[in-house]
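Subject: The structure I mentioned

Hi,

Here is the structure I said I would pass on. Have a look at it first, and then read on for what I found.

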Amino acid sequence: MLPAVHPRLIDRIVRTLRSLLLGWVVVLTGCAVIPIQNGMERDAVIARMGVPTRVVALASGTRLQYSGQPANQETWMVDLDPQGRVVQMRQVLQALEFARIEVGTWTRADVLREFGPPASIDRVASWPHDILTYRWRGGEDMLYWVYLDDQQRVQRTEQGVEYHEDHMM
């Protein structure tokens, strides 16, 4: 009999494998982004980029989220109009996008809609609630933390350098 495996562990493994697969697609195709153009149909986007990490309903249509978390430092959002055609595509894990987060106003749902699933959900002794952690590239490897309260509202955000073991010696 196989030992029981926690569902969160399975989810993390699947997300990691999906991220690695997306990274290999980028490497093998030799380009940073698989070309997606405004007006393209949803099926054409999925044919080029694969199944999205998440599909999110928007007031103006639908968003296809392609998250590279936790292994990658990019998350791409492809916004579709009500007819299923691309209106914009953007990489959201960057300083200007994070600056849009409104402390005290945004909720967990807002953060997940705008940035996709985080690399990890953490807790520390000095903060009693969830901290959403995003890996991103801002000139160097970075982390962006979104601190939630017990009502799932953003109470604080911070960024910092992601130190790697090989750089600490």
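Let me start with R135, which sits in strand β6. This is a predicted model, so please read everything below in that light. Is R135 buried or exposed? Its relative accessibility is 16%, and with the cut-off for buried set at under 20%, R135 counts as buried. A polar atom of the R135 side chain lies 3.0 Å from the backbone oxygen of A71. Leaving out residues up to four places away in sequence, R135 touches Q69, P70, A71, N72, Q73, L93, A119, M142, L143, E162 and H164.

Two residues on that list deserve a second look. Q69 and P70 are joined by a cis peptide bond, with omega at about 5°. As for where this is, P70 belongs to the loop between β2 (61–67) and β3 (75–80). So the arginine in β6 has both residues of the cis peptide among its contacts.

Now for the strand itself. 8 of the 11 residues of β6 are buried, so the strand is largely enclosed by the rest of the structure. On one side, β6 pairs with β5 (residues 120–124) in the antiparallel sense, over 4 bridges. A hairpin of 2 residues makes the link from β5 to β6, and S120 stands opposite T133 of β6. β6 also pairs with β7, again antiparallel, through 7 bridges. There, R137 has D141 in β7 as its bridge partner. The hairpin of β6 and β7 has 3 residues between the strands, and G139 in it takes a positive phi near 90°.

Zooming out a little, these strands belong to an open sheet of 4 strands, in the order β5-β6-β7-β8, with antiparallel pairing. The edges are β5 and β8; each has a single partner strand, so one side of each is left without a neighbour in the sheet. On average, neighbouring strands here are turned by 30° against each other, direction ignored. Helix α4 packs on this sheet and touches β5, β6, β7 and β8, and its direction makes about 10° with that of β6.

What about the loop that leads on to the last strand of that order? Q152 lies in the loop between β7 and β8 (154–161). Its phi is near 65°, which is a positive value in a residue other than glycine. Q152 counts as partly exposed, at 31% relative accessibility.

Next, the nonpolar packing. Which residues of the largest nonpolar core touch the most other members? They are F98, I101, V111, F115, Y134 and V146, out of 17 residues in that core. The elements that supply two or more residues are α4 (108–115), β6 (127–137) and β7 (141–148), with β7 giving the most, at 4 residues. In soluble globular proteins, nonpolar side chains tend to be buried together. To take one member, I101 touches W106, F115, Y144, V146, V154 and T157, not counting residues up to four places away in sequence. There is also a second, separate core of 11 residues, which includes I36, V45, W76 and V78.

Finally, some overall numbers for the protein:

- It has 4 helices and 8 strands, which follow the pattern α-α-β-β-β-β-α-α-β-β-β-β along the sequence.
- Buried residues account for 42% of its 169 residues.
- Among contacts between residues at least 6 apart in sequence, 37% join residues at least 24 apart.
- The protein exposes about 10000 Å², and carbon and sulfur atoms supply 56% of that.

If you open just one spot, I would pick R135 and its contact with the backbone oxygen of A71, then step along to the cis bond between Q69 and P70.

Cheers

How values were computed. Residues are numbered from 1 along each chain as its sequence is written. This is a predicted model: local features need pLDDT of at least 70, side-chain atom pairs count only at pLDDT 80 or more; totals for chains, interfaces and linings use all residues. Side-chain values use heavy atoms; hydrogens and water are left out. A nonpolar core is a set of buried Ala, Val, Leu, Ile, Met, Phe, Trp, Tyr and Cys residues joined through side-chain atoms within 4.5 Å. Buried means under 20% relative accessible area, exposed over 50%, partly exposed in between (1.4 Å probe, protein chains only). Contact means heavy atoms within 4.5 Å. Two strands pair if DSSP finds at least two bridges between them. A polar contact is a pair of N or O atoms within 3.5 Å; within protein, one must be able to donate a hydrogen and the other to accept it, and residues adjacent in sequence count only if both atoms are side-chain atoms. Axes are lines fitted to C-alpha atoms, for helices over the stretch in contact, and angles run from 0 to 180 degrees between N-to-C directions. Accessible areas come from the Shrake-Rupley method with a 1.4 Å probe; for residues, only the protein chains shown count as cover.
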